[in-house]
Amino acid sequence: MLATATLLAGCERGSSGGPGESTHGPSGCPAVHARAQAAVTGAEETDVPWNGPTSGPTAVSGKSIVYVAQTMTNPGVAGAANGVRQAAQAIGWDVRVIDGGGTPTGIQAAMSEAVALKPSGIVIGGFDPDATSRQVARANAAGIPLIGWHAVAAPGPSRRPELFTNVTTYVEDVARISARWIISTSNGRAGVVLITDASIPFARNKSELIRKELATCPGVKVLAYENIPIPDASSRTPREIASLLSRFRSRWTHSVAINDLYFADAAPAFRAAGEKGSGPPFNIGAGDGDPSAFQRINSGQYQAATVPEPLSLQGWQIIDEFNRAFSGRPASGYAAPVHIATADNSDGATSWDPSGYREAYRRIWGR
């Protein structure tokens, strides 16, 4: 009877340890778990000094920027666009945002419109430049500098496709720290659902890196690898979550998604199934850290953590990179360090916004 009771208790939701508390028993990977804990502790620090550029060309006047968005329903894309608007106002430039609507046809049309406007520069906001190769070629031929936000896998200049630079954190760092958060908070013993959008090379690469890092801990098992395109997330995610809950039950202890928005769409399915908002499963978003993600985290509603992009900072960086391009200077080479936001360290904030960057960029521009 005792053995039966113990077995049943182990099948109940809530029997797994949550974030910040280790499960009972030995770790599923002691050495990896120790390294993961140390990395997570460092990434949760909030008092981070500005480590970006402190010198560069003064502001060039009279420029116009078009921000082509993959879809403005993607909170990361929209957050970076808002940062671009704010920075453009500070430097004295005009900005226009064109929404691609999340479809190949819509994004191609938006890029065609952007090139036809003959702006000083174009931002490729969150989509694969190869999907608009003709428009990119026309912009290159016209001498219009292109800057990506999450457009290719790595930060910095790109030759194929030709981008002056690409603004993002290092995807390897984001993937690694999100996986390490799972290893750390689960004591190296977790059943994980991984959610991605395989249509976006950047997102697909991120999810593969997450899977690779999770595999360093033998006690962590990937139960499912779900491909849900971001434009379809609101319709497909609730159905997929309900199906996964039915399949895996208590074996599903943690989730990681390449974008926080999946957990907004997952919440109704978790709630309908009677799952507690505080988990399990304990959910972490490997980007982008939009306000609704912070609200879910701070209120304990079906998300425990996020690895947020500093979206406003990156918008300001985009404007600074254009100013370097217009001045005949190389890209800055800056990439923001990764951060983990939880209810314990966000202090009620609804975004990750490091200090010091606005003042630093204004000093560089002389504004």
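Colleague: Is the link of Cys 29 and Cys 217 left-handed or right-handed?
Modeller: Left-handed. The angle about the S-S bond is -90°. Keep in mind that this is a predicted model.

Colleague: Which parts of the chain does that pair tie together?
Modeller: Two loops. Cys 29 sits in the loop between helix 1 (2–10) and helix 2 (30–43). Cys 217 sits in the loop between helix 7 (201–214) and strand 8 (220–227). The two cysteines are 188 residues apart in sequence, so the bond ties together parts that are distant along the chain.

Colleague: What is the S to S distance?
Modeller: It is 2.0 Å between Cys 29 and Cys 217.

Colleague: Are those cysteines buried or exposed?
Modeller: Cys 29 and Cys 217 are both buried.

Colleague: And how many disulfides does the structure hold?
Modeller: The count is 1 disulfide.

Colleague: New topic. What does UniProt place at residues 65–320?
Modeller: The unreviewed UniProt entry gives "domain: Periplasmic binding protein" for residues 65–320.

Colleague: How much helix and strand is there over residues 65–320?
Modeller: The chain there is 45% helix and 21% strand. The C-alpha atoms at the two ends of that stretch are 12 Å apart.

Colleague: Now cavities. How many of 30 Å³ or more turn up in the whole structure?
Modeller: The search finds 2. The largest cavity holds about 140 Å³ of space.

Colleague: Which residues are closest to the centre of the largest cavity?
Modeller: Asn 74, His 150, Phe 202, Asn 259 and Asp 288. They belong to a lining of 13 residues.

Colleague: Where does the largest share of that lining come from?
Modeller: From helix 7, with 3 residues.

Colleague: Back to His 150. What is its phi?
Modeller: Near 55°. That is a positive value in a residue other than glycine.

Colleague: Where is His 150 found?
Modeller: In the loop between strand 4 (146–149) and strand 5.

Colleague: Why does His 150 count as buried?
Modeller: Because its relative accessible area is 6%, and buried means under 20%.

Colleague: What about Asp 347, what is its phi?
Modeller: About 55°, so positive, although Asp 347 is not a glycine. Its place is in the loop between strand 12 and helix 12. Asp 347 counts as exposed, at 75% relative accessibility.

Colleague: Which other residue is found in the loop between strand 12 (341–342) and helix 12 (357–365)?
Modeller: Ser 355 is found there. Ser 355 has 52% relative accessibility, so it counts as exposed, since the cut-off for exposed is over 50%.

Colleague: What is Ser 355 in contact with, leaving aside neighbours within four places in sequence?
Modeller: Val 48 and Trp 50. Asp 47 is 308 residues from Ser 355 in sequence, yet their C-alpha atoms are 8.6 Å apart in space.

Colleague: Let's do helix 6. How many residues does it have?
Modeller: Helix 6 has 15, at residues 171–185. From first C-alpha to last, helix 6 reaches 21 Å. That is close to the 21 Å expected at 1.5 Å a residue.

Colleague: How many of those 15 residues are buried?
Modeller: In helix 6, 11 are buried, and the helix is mostly covered. Among the buried ones are Val 171, Val 174, Trp 181 and Thr 185.

Colleague: What follows helix 6?
Modeller: Asn 187, with a positive phi near 60°.

Colleague: And where does Ile 91 lie?
Modeller: In helix 3, residues 75–91. Ile 91 counts as buried, at 1% relative accessibility.

Colleague: What does Ile 91 touch, not counting residues up to four places away in sequence?
Modeller: Ala 59, Ile 319, Asn 323, Trp 365 and Arg 367. Met 111 is 20 residues from Ile 91 along the chain, and their C-alpha atoms are separated by 24 Å.

Colleague: Last one, peptide bonds. Is the bond from Arg 160 to Pro 161 cis or trans?
Modeller: Cis, with omega near 5°. Pro 161 is in the loop between strand 5 (156–158) and strand 6 (163–167).

Colleague: And the bond from Gly 279 to Pro 280, cis or trans?
Modeller: Cis, with omega near 0°. Pro 280 lies in the loop between helix 9 (261–272) and strand 10 (282–285).

Terms used:
Residues numbered from 1 in each chain as written. Predicted model: local features only at pLDDT ≥ 70, side-chain atom pairs only at ≥ 80, totals over all residues. Heavy atoms only, no water. Disulfide = S-S within 2.5 Å. Helix = DSSP H or I, 4+ residues; strand = E, 2+ residues; numbered from the N terminus. Buried < 20%, exposed > 50% of the residue type's maximum accessible area, 1.4 Å probe, protein only. Expected span 1.5 Å × (residues − 1). UniProt positions renumbered as here; feature names shortened; annotations may be inferred. Contact = heavy atoms within 4.5 Å. 1 Å grid on protein atoms, 1.4 Å probe; cavity = no way out; pocket = protein on both sides within 12 Å on 5 of 7 lines; lining within 4 Å. Points joined across faces, edges and corners; volume = space filled by probe spheres on them.
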